[in-house]
Amino acid sequence: MREYHRGMRQDSDSTAALDGTEVALLSSAIAAAEPRDAVFRAIHRIADARMDVNVFSASVCFVETMELERVYSSRPDVYGIGLRKSKRETRWARQVLVERQVFVGEGPLEMAAAFDDQERMASVGIRSIVNVPVVVGDRCLGVLNFGRKVERVLSAHVVLARFLGVAASGAFQTLAPPR
């Protein structure tokens, strides 16, 4: 599996920088009375505008059992909320959940090597994906999944996705399974 920085075309950092409106959007979401979904909605809105994301989801991580449980989905009709998915004994799980490295999959071959539902991903227009582990206090609490309309992932998109993972850390702390 390719780490996020290998083979990626370098590009302008302007794609990764948030503007004042986006900072205000995230700040308001974090300060909301019910911040979890507000933060995920804000992240989706920013990612859609900046990264050509057509499907965004967030999943809580259960490292002990190598499972993920989806807690937010921009397309609940395709990727339902509350579903648990085993990632046991996959290279993707080792890279993202254990080693806590971003995964980038560009095109059908890379995505098929990592995901058993690549055909479903293609059917909803996902041509590339960026998966960001959200880590707090040496624990992987969750994963943000950015399904993209375009095949090529720019390094600035990965930088932005990682930053949005940091922004999501508080939301995941409210969802984290006990140690």
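**Reading the sheet, a helix and the ring pairs**

User: In what order do the six strands of the open sheet stand in this predicted model?

Analyst: Strands of a sheet pair through backbone hydrogen bonds, either parallel or antiparallel. Here an open sheet of six strands follows the order β3-β2-β1-β6-β5-β4, with antiparallel pairing. Because β3 (84-86) and β4 at the edges each have a single partner strand, one side of each is left without a neighbour in the sheet. From one strand to the next, the twist averages 25°. Strands β1 (residues 53-62) and β2 (residues 67-73) run antiparallel and are joined by six bridges, and the bridge partner of A58 in β2 is Y72.

User: Which strands does helix α3 lie across?

Analyst: Helix α3 (residues 91-98) lies across β1, β2, β4, β5 and β6, and runs at about 120° to β6.

User: How many aromatic pairs does a search of the whole structure find, and how is such a pair read?

Analyst: A pair of aromatic rings is described by the distance of the centres and the angle of the planes. The search finds six aromatic pairs. In one of them, the ring centres of F40 and Y72 are 5.7 Å apart and the planes are at 45°, so the pair is tilted. Since F40 belongs to helix α2 and Y72 to strand β2, this pair ties together parts that are 32 residues apart in sequence; both residues are buried. The rings of F56 and F146, with centres 5.2 Å apart and planes at 40°, also form a tilted pair, and this pair ties strand β1 to strand β6 across 90 residues of sequence.

User: Which residues do ring pairs link into a cluster?

Analyst: The cluster linked by ring pairs consists of F40, F56, Y72, F146 and F172.

Note on methods. Residues numbered from 1 in each chain as written. Predicted model: local features only at pLDDT ≥ 70, side-chain atom pairs only at ≥ 80, totals over all residues. Heavy atoms only, no water. Pairing = 2+ DSSP bridges. Helix = DSSP H or I, 4+ residues; strand = E, 2+ residues; numbered from the N terminus. Axes fitted to C-alpha atoms, helices over the stretch in contact; angles between N-to-C directions. Contact = heavy atoms within 4.5 Å. Phe/Tyr/Trp six-rings, centres within 6.5 Å; stacked < 30°, edge-to-face > 60°. Buried < 20%, exposed > 50% of the residue type's maximum accessible area, 1.4 Å probe, protein only.
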